[in-house]
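Biologist: Please take a close look at a single part of this model, the pairing of charged side chains. Keep the account plain enough for a first-year student.

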Amino acid sequence: MVFYFKVRPEAGDYTIFMGLDKFENEDLIKYGFPEDIWFHVDKMSSAHVYLRLNKGQTMDDISEGVLEDCAQLVKANSIQGNKTNNIDVVYTPWYNLKKTPSMDVGQVGFHNSKLVRIVKVEKRINEIVNRLNKTKVERKPDLKAEREAVSAAEKAERKVQLRDKKRREEMERLEKEKQAEIRSYKNLMVQEKMTSNKQVASGSKTLEELEDDFM
């Protein structure tokens, strides 16, 4: 089971989601998207909460309002964190999550600590948590199938882009050859004209030669 939530409407059409338990967290870790941002209460047990950004967006594009929604939801879904004030919530891109065979179910590390950020949560804000819970939807998605479908679509898109690129390059090559031929033809015409003028000049008699002929 995966739970889906909608962030505050004024922030845009963003979805937050989390697994029911650590076993579903494993699938979320395995079949995440590059646009997913992972949230967790630092140094405490909590739900693994994800924010799905739009394609091309990064952590820098997360607004303060959306960040607050995610942090509050993580805090509310931590037994210890929900009761504690002034906690830290860490967040990082999904692709920065590191999973090794020796780790327990649901446990993760990071490939690059520089990609991990921290947001301080002073206290639980019931107004935010209640608003998020009102948008809650439960689903049993086939995470593997969803990821494979997106991967196939992205592969097809890259194939089309590559084909279009090759077509443009071929058209540019043909255009360059055409322009080179035009320049070569113009140069040839100029050279022929110069040669013709020289021949006329060399075939013309001077004034003195004409006078001798007259005499």
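**Charged pairs and the helix beside them**

Modeller: A salt bridge joins the side chains of Lys-120 and Asp-88, with 3.0 Å from N to O. The term covers a side-chain nitrogen of Lys or Arg within 4 Å of a carboxyl oxygen of Asp or Glu. Because Lys-120 is in strand E8 (residues 117-121) and Asp-88 in strand E5, this pair ties together parts 32 residues apart in sequence. Lys-120 has a relative accessibility of 54% and so counts as exposed, while Asp-88, at 23%, counts as partly exposed. Those words follow fixed limits: buried is under 20% relative accessible area, exposed is over 50%, and partly exposed lies in between (1.4 Å probe, protein chains only).

Salt bridges that share partners also connect Arg-8, Glu-68, Asp-69 and Arg-131 in one network.

Before going further, note that the model is predicted, with pLDDT of at least 70 needed for local features and 80 or more for side-chain atom pairs, while totals for chains, interfaces and linings use all residues. Residues are numbered from 1 along each chain as its sequence is written, and side-chain values use heavy atoms, leaving out hydrogens and water.

Within the network, Arg-131 and Asp-69 form a salt bridge through their side chains, at 2.8 Å from N to O. This pair links distant parts of the chain, since Arg-131 belongs to helix H3 (residues 126-134) and Asp-69 to helix H2, 62 residues apart. Are its two members buried or exposed? Arg-131 is partly exposed, because its relative accessible area is 27%; Asp-69 has 0% and is therefore buried.

Helix H2, where Asp-69 sits, runs over residues 64-76 and has 13 residues. From first C-alpha to last it reaches 18 Å, close to the 18 Å expected at 1.5 Å a residue. The expected span is 1.5 Å times one less than the number of residues. H2 is mostly covered, with ten of its 13 residues buried. Among them are Gly-65, Val-66 and Leu-67, then Asp-69 and Cys-70, and later Val-74 and Lys-75.

The loop that runs between H2 and strand E5 (87-93) holds Gln-80. With 47% relative accessibility, Gln-80 counts as partly exposed. Its C-alpha is separated by 7.3 Å from that of Ser-45, although the two residues are 35 apart along the chain.

Another pair is Asp-36 with Arg-52, whose side chains meet in a salt bridge at 2.6 Å, N to O. Distant parts of the chain are linked here too: Asp-36 is in strand E3 (residues 36-41) and Arg-52 in strand E4 (residues 49-52), 16 residues apart. Asp-36 counts as buried because its relative accessibility is 1%, whereas Arg-52, at 27%, counts as partly exposed.

How many salt bridges does the structure hold? There are twelve. In general, side chains of opposite charge can pair when their charged atoms come close.

As for the setting of these pairs, the protein chain has five helices and nine strands. Helices (H or I, at least four residues) and strands (E, at least two) are DSSP runs, numbered from the N terminus. Along the sequence their pattern is β-β-α-β-β-α-β-β-β-β-α-β-α-α. Of the 215 residues in the chain, 32% are buried.
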